[in-house]
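Colleague: I would like to learn how to read a model like this one, feature by feature. Where do we start?

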Amino acid sequence: MEIAWCLVLIVIGLIICFGGIYIKRICSAFLGLSWGTIISIIGTIIFTRSIWSLTDDETVIAMLVVALICGIASFMYDKLCVFINSCLSISSIVLLFLFFYENFGLDTTGIIIVACVVGLLISSITIKVYDFMFILQTAFTGAVITGIGTYGLKYEGDIEEMLMELLFDGFDFEETLPILIGVIVLAIIGFLVQLRRFNI
C-alpha cells in the first residue's frame, strides 16, 4: 500500500461515511467487497496461522472470489446487503476477539462456529430496521476505512509492516488512541449527517 493508496482510502472512507445513503447501490457493493475481503483475510490467517499465506496465488484468487460474490450480492439486493455485511462485520469482530484475546478454551473450529452463530443471530435483527442499519454500517465502515488510511500514513504505505504490528504485536493504544477516537467521532458524525436524509 503506497501513500497514494492511503489517501485514496481516506477519500473513499469519507464519501461512504457521509454519503452512503445517497449512493446506496455503489456503497452496498463496496461494503460487500470490503467485508468479504476482511473476513477472507482473517479466515486465511486463522486457518494457516501465517500472514505470508496471503501472498499465495491460490489464496489471493479465493479471497477475490469471496469478495466479488459478497459485492455482487450486496449490489443486487439492498436488504441482503445489510444482512450480509452485518453478519460479516460482527463475525469478524467476534473472530478477532476470540482468536487473539480470549478463546475460552475453544479450538479454531469452535471459534469460527461461535463467530458465525453470533453474526447470524445479530444480523437477523437488522432487517427490521433496514435503513437505520444501512446508515450505521456505512458511517462505521467509512470511518474505519478512513482510519486505516490514516494509520497507513504512519507506515508510509507499508501494508506488510502495518499488518505485522497489528496481528502480532497488537495495538499500541498510546499511539493509536487518537485515531480510534477519531474513527468513533467520525462514525457518529457520519451517522447523524446521513440521518438528515429522513429529516430526523
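Modeller: With a helix and a ruler. This is a predicted model, and a length check is a simple way in. Helix H1 covers residues 3-19, which is 17 residues, and at 1.5 Å a residue the expected span is 24 Å. The end C-alpha atoms of H1 are 24 Å apart, so the span agrees with the expected one.

Colleague: What span should H5 have, and how far apart are its end C-alpha atoms?

Modeller: H5 has 19 residues, so at 1.5 Å a residue it should span 27 Å; its end C-alpha atoms are 27 Å apart, which agrees.

Colleague: How many helices and how many strands does the chain have?

Modeller: The count is eight helices and zero strands. Along the sequence this reads α-α-α-α-α-α-α-α.

Colleague: How do I read burial, and which residues of H1 are buried?

Modeller: Burial is read from relative accessible area, with under 20% as the cut-off for buried and over 50% for exposed. By that reading, 42% of the 200 residues of the chain are buried. In H1 the buried residues are Cys6, Ile10, Gly13, Ile16, Cys17 and Gly19. Cys17 has 0% relative accessibility, so it counts as buried. In H5 the buried set is Thr108, Gly110, Ile111, Ala115, Gly119, Ser123 and Thr126.

Colleague: Is Val8 of H1 buried or partly exposed?

Modeller: Val8, which also lies in H1, is partly exposed because its relative accessibility is 35%. Sequence distance is a separate matter: Val8 and Gly149 are 141 residues apart along the chain, yet their C-alpha atoms are separated by 7.7 Å.

Colleague: How is such long-range pairing summed up for the chain?

Modeller: Take the contacts between residues at least 6 apart in sequence; of these, 79% join residues at least 24 apart. For single pairs, look at C-alpha distances. Ser89, in helix H4, has its C-alpha 9.8 Å from that of Leu31, with their positions 58 residues apart along the chain. Ser89 counts as buried because its relative accessibility is 11%. Phe97 is in helix H4 too; its C-alpha is 9.5 Å from that of Ala115, 18 residues away in sequence. At 42% relative accessibility, Phe97 is partly exposed.

Colleague: How do I read a nonpolar core?

Modeller: The general idea is that nonpolar side chains tend to be buried together in soluble globular proteins. Here the largest nonpolar core has 25 residues, and those touching the most other members are Leu31, Val82, Leu88, Val94, Leu95 and Phe134. Helices H2 (24-48), H3 (57-76), H4 (78-100), H5 (108-126) and H6 each give two or more residues to this core. The largest share, eight residues, is from H4. Another core lies apart from it and has five residues, among them Cys17, Ala143, Leu186 and Ala187.

Colleague: What does Phe134 touch, beyond residues up to four places away in sequence?

Modeller: Phe134 touches Gly20, Ile21, Lys24, Cys27, Ser28, Leu31, Cys81 and Val82.

Colleague: Where is Gln137 placed, and is it buried or exposed?

Modeller: Gln137 is in helix H6, residues 130-154. Its relative accessibility is 8%, so Gln137 counts as buried. Leaving aside neighbours within four places in sequence, Gln137 contacts Leu31, Cys81, Val82, Asn85, Ser86 and Gly142.

Colleague: Now a polar case. Which backbone oxygen lies 3.1 Å from a polar side-chain atom of Arg25?

Modeller: That of Met76. Arg25 is found in helix H2, and with a relative accessible area of 39% it is partly exposed. The C-alpha atoms of Arg25 and Phe75 are 5.5 Å apart, although the two residues are 50 apart in sequence.

Colleague: Several cysteines have come up. How many disulfides are there?

Modeller: Zero, in a search of the whole structure. Another cysteine to note is Cys70, which counts as buried because its relative accessibility is 12%.

Colleague: And how much of the accessible surface belongs to carbon and sulfur atoms?

Modeller: The share is 73%, of an accessible surface of about 11,100 Å² for the chain.

Technical notes. Residues numbered from 1 in each chain as written. Predicted model: local features only at pLDDT ≥ 70, side-chain atom pairs only at ≥ 80, totals over all residues. Heavy atoms only, no water. Helix = DSSP H or I, 4+ residues; strand = E, 2+ residues; numbered from the N terminus. Expected span 1.5 Å × (residues − 1). Buried < 20%, exposed > 50% of the residue type's maximum accessible area, 1.4 Å probe, protein only. Contact = heavy atoms within 4.5 Å. Disulfide = S-S within 2.5 Å. Core = buried A, V, L, I, M, F, W, Y, C linked by side-chain atoms within 4.5 Å. Polar contact = N/O pair within 3.5 Å; in protein donor to acceptor, adjacent residues only side chain to side chain. Areas by Shrake-Rupley, 256 points an atom, 1.4 Å probe, with all protein chains shown as cover.
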